[in-house]
Amino acid sequence: MAELSTTVGDHGVIGLTGDLTGTAEPTLAAAFDQAAANGSVVLDFSGLDYMNSTGIGLLVTTLVRAQRADVTLRACGLSDHYREIFSLTRLDEAIPVFEDAQEALAAS
Amino acid sequence: MQGSDLVTAGTAVPIPPTDPLATLLVARAEPVDLTTLELASPALDALRDAGVVLVVPLVHDDRLLGTVNLGPRKSDQDYTTDDRSLLSTLASQLAPAIRLATLARRQEAEAAERERIAQELRVARVIQQTLLPTDIPELPGWSISAHYRPAREVGGDIYDVIETADGHIVIIEGDVTDKGVPAALVMATCRAALRAAADVTSDPGHILARANKSMVDDIPPTMFVTCFCAVVDVATGRVRYANAGHPLPVIVNNGEVSELRASGMPLGLLPDSSYEVVETVLPVGSLLVVASDGVAEAHGASGEMYGFERVAQVVGSAPDAPIDALLDDVDRFALGPQEDDITIVALHRRSSAAQSSVAFSQTLLSLELASEQGCERDAMERVKEVAIQAGMDTAQVARLGTAVAEAVMNAAEHGNGFDPEAVVGVTVTDLDHSLLVTVSDRGGGVHEGDVEQPDLEAKLEGDQNPRGWGRFLIEKLVDEVVDRSDDSGHVLEMRMRK
């Protein structure tokens, strides 16, 4: 049950670790601002433990910001379960999903 | 196409096929000078009035497709032989071209019409699917399965499985005369009538009689519905049944087959039909199978019928999956496309009630949580733990976990307003093939279920709050969701197959 922590790597890749819930807002926003300078952002979910509906709401908010800033947003490292959640909510239509960061970056 | 639709030097003058001029034009099949023609013909008079001097008929296959009407030449000279020769050549090209264009247009219109009808049938099929029972009740010790396969896009078979409050299952299977759209419409009427009757009485004969009465008025006089109705006591296996002309259901027990016979007229024919009620018992291990005549009347390679004996034989040898076995066998046997709608309902009594209540309805977990932020996390882990122990499939466990977390979040936030004194109750019960998880709160406040469906595009446009996914996810992830509210609070029931 860990708060969200993020690492911002090269090429705008944000590694997410812990829980993505409503309380993660400031953490995710800060990471996004940092990574967005790159022009495109990749959210790497491989370290994710848990995401709930408020976390999904955060992703939507992040997506809105990305669209406004003309920054592309992609996702990778999702477990089967969270891949399914992305599909049910149709988030995968707005945030393209890839297996890993390498694939996501290659898609640019 | 008769008459003249082509306008050259004047107005269009129709030439009715009965007018002598039409016959003459077809016979001559060359340009005709009207100034010298003597013929009693209203069309001829009309043409002359319109100033037409020369008529060039367009003839194809001995039919007058139209005419080219010419007024006097501008130079006031007569039309020469060369002129007429040119006009004849023109006509001989025009006539077949017009014919072809007409046929092509007609074919397009027919194709468009066929597509429109096909589309309507697709829509009707979707509508009909929503009218069929989506969830068969799960009862400890019993397996109920049903399969419906119409011969066309929509069909005229009905089935219904209703669980009553007093521990009975009502099984209904019906077959409307005919198939396709008319039958489907009658089926919808019949289903409504049967459901209404089953609400009011649990006597199978009375169910049929009441439904029959209302249907006699509501369905076309030439149509009727055969129907079988059984009321089963879940605890004792006692069955009371009535039949309105439907193919005889069978009970298969240890290889022995017995037919269930009860007399009565099909529904929708006579207003005051009454239905004999017969009683029997379904012993432990036995199987009740009701199949519409699309099964027994399927025709094989040598034209012979599948027959009831074979139905009984096949289901008797596969009591755990009677419907799959029967469908496989019928499909192998039958020649050509499916002739009639196929509906099969099977009821298998696996164990007695005494055994059932011990093995198949067991409370695995009971929690009380304080309504605060983050309380769902721990609850989710504990539910997932017992679900794994109960043998639930991994992917299902993940889905159930997320759904429970969302339900608990909703209960704490919307149900209890995050009041730390208010409790969120979580229970998990093992129902053998599935788990039942209940999440309860004291019922105040608006529940997320009352809010509009989340739409990603709307959220991105800013038309919807970015949140609001909780209830949506629960319904998508869990097999069955039921809300119950009363004075003591609100309970969300989630059923998940293992």
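Visitor: Helices here are DSSP runs (H or I) of at least four residues, and strands are E runs of at least two. How many helices and strands are there in chain B?

Guide: Keep in mind that this is a predicted model. Chain B has 498 residues. Going by those runs, the count for chain B is 13 helices and 18 strands.

Visitor: And what share of the residues in chain B is buried?

Guide: To count as buried, a residue has to be under 20% relative accessible area. For chain B, with its 498 residues, the buried share is 46%.

Visitor: How much of the accessible surface of chain B belongs to carbon and sulfur atoms?

Guide: The accessible surface of chain B adds up to about 24,100 Å². Carbon and sulfur atoms account for a share of 51%.

Visitor: What fraction of the contacts in chain B with a separation of 6 or more comes from residues 24 or more positions apart?

Guide: A contact needs heavy atoms within 4.5 Å. Take those in chain B with a separation of 6 or more, and the part due to residues 24 or more positions apart is 64%.

Visitor: On to charges. Which residue of chain A meets R399(B) in a salt bridge?

Guide: Over all chains there are 26 salt bridges. In one of them, R399(B) has a partner with an N to O distance of 2.8 Å. R399(B) sits in helix α11 (residues 394-415) of chain B and its partner in helix α3 (residues 80-88) of chain A, so the pair joins two chains. At 25% relative accessibility the partner counts as partly exposed, and that residue is E84(A).

Visitor: How far apart in sequence are the parts that K213(B) and D272(B) tie together?

Guide: These two form a salt bridge, with the closest N and O atoms 2.9 Å apart. K213(B) belongs to helix α5 (residues 204-218) of chain B, while D272(B) is in the loop between β10 (256-259) and β11 (278-281), so the parts they tie together are separated in sequence by 59 residues.

Visitor: Is D272(B) buried or exposed?

Guide: Its partner K213(B) has a relative accessible area of 47%, so K213(B) is partly exposed. The cut-off for exposed is over 50%. D272(B) has 61% and is therefore exposed.

Visitor: In the salt bridge between E493(B) and R484(B), which residue counts as buried?

Guide: The closest N and O atoms of this pair are 2.8 Å apart. R484(B), at 44% relative accessible area, is partly exposed. The partner at 11% counts as buried, and that is E493(B).

Visitor: Which residues are linked with D203(B) in a network of salt bridges?

Guide: Each link needs a side-chain nitrogen of Lys or Arg within 4 Å of a carboxyl oxygen of Asp or Glu. The network takes in D203(B) together with R238(B), R240(B) and E279(B).

Visitor: Now the rings. What kind of aromatic pair do F45(A) and F86(A) make?

Guide: There are four aromatic pairs over all chains. In this one the ring centres are 5.7 Å apart and the planes stand at 80°. Planes over 60 degrees apart take one particular label, so the pair of F45(A) and F86(A) is edge-to-face.

Visitor: How many residues apart are F45(A) and F86(A)?

Guide: Both count as buried, F45(A) at 3% relative accessibility and F86(A) at 1%. F45(A) is in strand β3 (residues 40-51) and F86(A) in helix α3 of chain A, so the pair links distant parts of the chain, with a spacing in residues of 41.

Visitor: And which strand holds Y241(B), the partner of F228(B)?

Guide: F228(B) and Y241(B) form a tilted pair, 6.0 Å centre to centre with 35° between the planes. F228(B) lies in strand β7 (residues 225-233), and the pair ties together parts 13 residues apart in sequence. Both residues are buried, and the strand holding Y241(B) is β8.

Methods
Residues numbered from 1 in each chain as written. Chains lettered and ligands numbered in written order. Predicted model: local features only at pLDDT ≥ 70, side-chain atom pairs only at ≥ 80, totals over all residues. Heavy atoms only, no water. Buried < 20%, exposed > 50% of the residue type's maximum accessible area, 1.4 Å probe, protein only. Areas by Shrake-Rupley, 256 points an atom, 1.4 Å probe, with all protein chains shown as cover. Phe/Tyr/Trp six-rings, centres within 6.5 Å; stacked < 30°, edge-to-face > 60°.
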